[in-house]
Amino acid sequence: MTFGAKLSKLRKDSNYTQEQLADLLGVSRQSISKWESDVAYPETDKLIRLSDLFQCSLDYLLKDGDKQESFTPPEPACIPSPSKARAKFPEWEDRKSQRTLFGLPLWAIGQDVTAVVAIGMRARGVIAIGMCAQGFLSLGMLSLGVLSVGLLSLGLLSLGCFSLGFLAIGSLSMGLFSIGAVSVGELSAGAVAIGKYAAVGDHAMGMIAIGKTQAIGSLYQGLGGDSVYALLDANVPDSLAWAKALFKLFL
């Protein structure tokens, strides 16, 4: 029997699911599945914990064959034989805190994790950091959150090369108030700015357009002035008062 077959048998004989065994060892269910399929091997400390848990020797776990000897204390520095070595990159196991908050681990690190503070390829949490991140504070290549920072970001406050949000800041940004090289929004500021109500920038287009090189506005177009403030107050809805206040900083 291979290591994986032995592990699967020991687990089932002890009435553990893969998820339950994973929780006991502090790894992901996917790790248990890979071990049982002989796709990957556990680290030495996990082997020792398996030996203790199932009351079997390390020799029985690591050597081919079905004969199970009586349990002996774990041997130091016991590693799989060279013939079992895998010519692959080390497995990135999910790790998480044993302590929880509102039912979530305080922290987790791995490929696909959910925690208060989550770091991984795919991360979900109050604070999420990863290639694909989703959280209250989200940082990643692809990020979604109340405060979102990333290459492609979506959030109430969104910062990124491509950003979408109530307040969006980025090279290409879209939002109620948008700031960027190319910005589109209810009110926008940027090198090229397009705003439903107002736009300010080098090239500006909107109901109220203020442009250094070009301004196209249906209500007003020019280089600014006191009259712009009165026009903003008269035409921008009260629901966008916060955006209007920010916009005035660029005049």
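In the predicted model, the side chain of Lys6 lies over the face of Tyr60, at a distance of 4.7 Å from the ring centre. Tyr60 is also approached through its backbone, since its nitrogen is reached by the side chain of Ser57 at 3.1 Å. Ser57 itself is placed in the loop that links helix H4 (44-54) to helix H5 (58-62). With a relative accessibility of 2%, Ser57 falls under the 20% limit and therefore counts as buried. Aromatic rings also associate with one another in the structure, which holds three aromatic pairs. Such a pair of rings is described by two quantities, the distance of the centres and the angle of the planes.

The chain as a whole comprises seven helices and four strands. Read from the N terminus, the order of these elements is α-α-α-α-α-β-β-β-β-α-α; five helices thus precede the four strands, and two helices follow them. The chain has 251 residues, of which 40% count as buried.

Two residues other than glycine are notable for their backbone conformation. Asn15 has a positive phi, near 60°, and is located in the loop between helix H1 (3-13) and helix H2 (18-25). The relative accessible area of Asn15 is 67%, which is over the 50% limit, so that this residue is classed as exposed. Phe102, likewise not a glycine, has a positive phi of about 55°. The position of Phe102 is in the loop between strand S2 (100-101) and strand S3 (104-105). At 80% relative accessibility, Phe102 counts as exposed.

A further phenylalanine, Phe136, belongs to strand S4. Phe136 is also exposed, because its relative accessibility of 54% exceeds the 50% limit. Between Phe136 and Gly155, which are 19 residues apart along the chain, the C-alpha atoms are separated by 9.0 Å.

In helix H3, Glu36 provides a contrasting environment: at 14% relative accessibility, this residue counts as buried. The side chain of Glu36 forms a polar contact with the side chain of Gln18, at 3.0 Å.

Empty space in a model can be located by rolling a probe the size of a water molecule over the atoms. The second largest pocket contains about 310 Å³ of space. Its lining consists of 17 residues, and those nearest the centre of the pocket are Ser28, Arg29, Asp94, Lys96 and Asp112. Several elements contribute to this lining: helix H2, helix H3 (29-36), strand S1 (95-96) and strand S4 (107-222) each supply at least two residues. The largest share comes from S4, with five residues. In terms of residue class, the lining of the second largest pocket includes eight charged residues, together with five nonpolar and four polar ones.

Definitions and conventions
Residues are numbered from 1 along each chain as its sequence is written. This is a predicted model: local features need pLDDT of at least 70, side-chain atom pairs count only at pLDDT 80 or more; totals for chains, interfaces and linings use all residues. Side-chain values use heavy atoms; hydrogens and water are left out. Buried means under 20% relative accessible area, exposed over 50%, partly exposed in between (1.4 Å probe, protein chains only). A polar contact is a pair of N or O atoms within 3.5 Å; within protein, one must be able to donate a hydrogen and the other to accept it, and residues adjacent in sequence count only if both atoms are side-chain atoms. Rings of Phe, Tyr and Trp (its six-membered ring) pair if their centres lie within 6.5 Å; planes under 30 degrees apart count as stacked, over 60 as edge-to-face and the rest as tilted. A charge sits over a ring if NZ of Lys or CZ of Arg is within 6 Å of the ring centre and within 35 degrees of the ring normal. On a 1 Å grid over the protein atoms alone, a cavity is a set of points where a 1.4 Å probe fits but cannot get out, and a pocket is an open set with protein on both sides within 12 Å along at least five of seven lines; lining residues have an atom within 4 Å of a point. Grid points are joined across faces, edges and corners, and a volume is the space filled by probe spheres set on the points. Ala, Val, Leu, Ile, Met, Phe, Trp, Tyr, Cys and Pro count as nonpolar, Asp, Glu, Lys and Arg as charged, and the others, Gly among them, as polar.
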